[in-house]
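Hi,

Here is the structure I said I would pass on. Have a look at it first, and then read on for what turned up in it.

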Amino acid sequence: MLKAPLNPSRAKAQMAAILAGGAVAFSKHALEEMASDDLTAVDVANVLRAGAVDPAELERGSWRYRVRTQRIEVVVAFRSETELIVVTAWRR
């Protein structure tokens, strides 16, 4: 886990690098929310690639980043420089 938050542009670059060659995991909660809103892992990846990243928020001991498009929001946390976890996702 990252000790200090990344600024939104650095977080976006880190997400892109992880999507290109790292590991993306999904929390149980994220999978449940995605299923209830008929979202796929591809939808989530597209939001992470193209969405706007909000400043980090410290929650439950980890920095979380909200990424949004007009239709979908995704919250992620970095586990390391090469791995992130999708905490939740939903349709707006």
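**What I found**

The accessible surface of the chain is about 5300 Å², and carbon and sulfur atoms hold 51% of that. Keep in mind as you read that this is a predicted model.

Let's start with the overall picture. There are three helices and six strands in the chain, and if you follow the sequence they come in the order α-β-α-α-β-β-β-β-β. The chain has a radius of gyration of 12 Å, close to the 12 Å that the globule rule gives for 92 residues, so it is as compact as a globular protein of that length. Along the principal axes, the C-alpha atoms fill a box of roughly 35 × 25 × 25 Å. Of the 92 residues, 37% are buried. If you take the contacts with a separation of 6 or more, 53% of them join residues 24 or more positions apart. As for charge, the chain has 13 positive and 11 negative charges, and their mean positions lie 4 Å apart.

Now for some individual residues. A good one to begin with is M15, which sits in helix 1 (residues 8-21). Is M15 buried or exposed? Its relative accessibility is 0%, so M15 counts as buried. Leaving aside residues up to four places away in sequence, M15 touches L48, V53, Y65, V67, V76, F78 and L84. There is also a long-range pairing to look at: M15 and E83 are 68 residues apart along the chain, yet their C-alpha atoms are separated by 8.8 Å.

Next, go to E73 in strand 5 (residues 72-80). This is a charged residue, with Glu counted as negative, and the relative accessible area of E73 is 8%, under the 20% cut-off, so E73 is buried. Which side chains does the side chain of E73 meet in polar contacts? One is that of R66, at 3.0 Å, and another is that of R92, at 3.3 Å. If you skip residues up to four places away in sequence, the residues that E73 touches are R66, V67, R68, T88, A89, W90 and R92. V67 is worth a second look, since it turns up among the residues touched by E73 and also among those touched by M15.

S27 is in a loop, the one between strand 1 (23-26) and helix 2 (28-36). Despite the loop position, S27 is buried, with a relative accessible area of 16%. Its contacts, again without residues up to four places away in sequence, are with I85, V86 and V87.

Finally, two loop residues with a backbone angle to check. D38 is placed in the loop between helix 2 and helix 3 (41-50). Its phi is near 55°, a positive value in a residue other than glycine. D38 has 63% relative accessibility, so it counts as exposed. R60 also has a positive phi, about 50°, and is not a glycine either. You will find R60 in the loop between strand 3 (57-59) and strand 4 (62-68). At 77% relative accessibility, R60 is another exposed residue.

If you want a quick route through the model, go from M15 in helix 1 to E73 in strand 5, then to S27 in its loop, and end with D38 and R60.

Cheers

Key. Residues numbered from 1 in each chain as written. Predicted model: local features only at pLDDT ≥ 70, side-chain atom pairs only at ≥ 80, totals over all residues. Heavy atoms only, no water. Helix = DSSP H or I, 4+ residues; strand = E, 2+ residues; numbered from the N terminus. Rg over C-alpha atoms; globule rule 2.2 N^0.38 Å. Buried < 20%, exposed > 50% of the residue type's maximum accessible area, 1.4 Å probe, protein only. Contact = heavy atoms within 4.5 Å. Areas by Shrake-Rupley, 256 points an atom, 1.4 Å probe, with all protein chains shown as cover. Charge placed at Lys NZ, Arg CZ, Asp CG, Glu CD. Polar contact = N/O pair within 3.5 Å; in protein donor to acceptor, adjacent residues only side chain to side chain.
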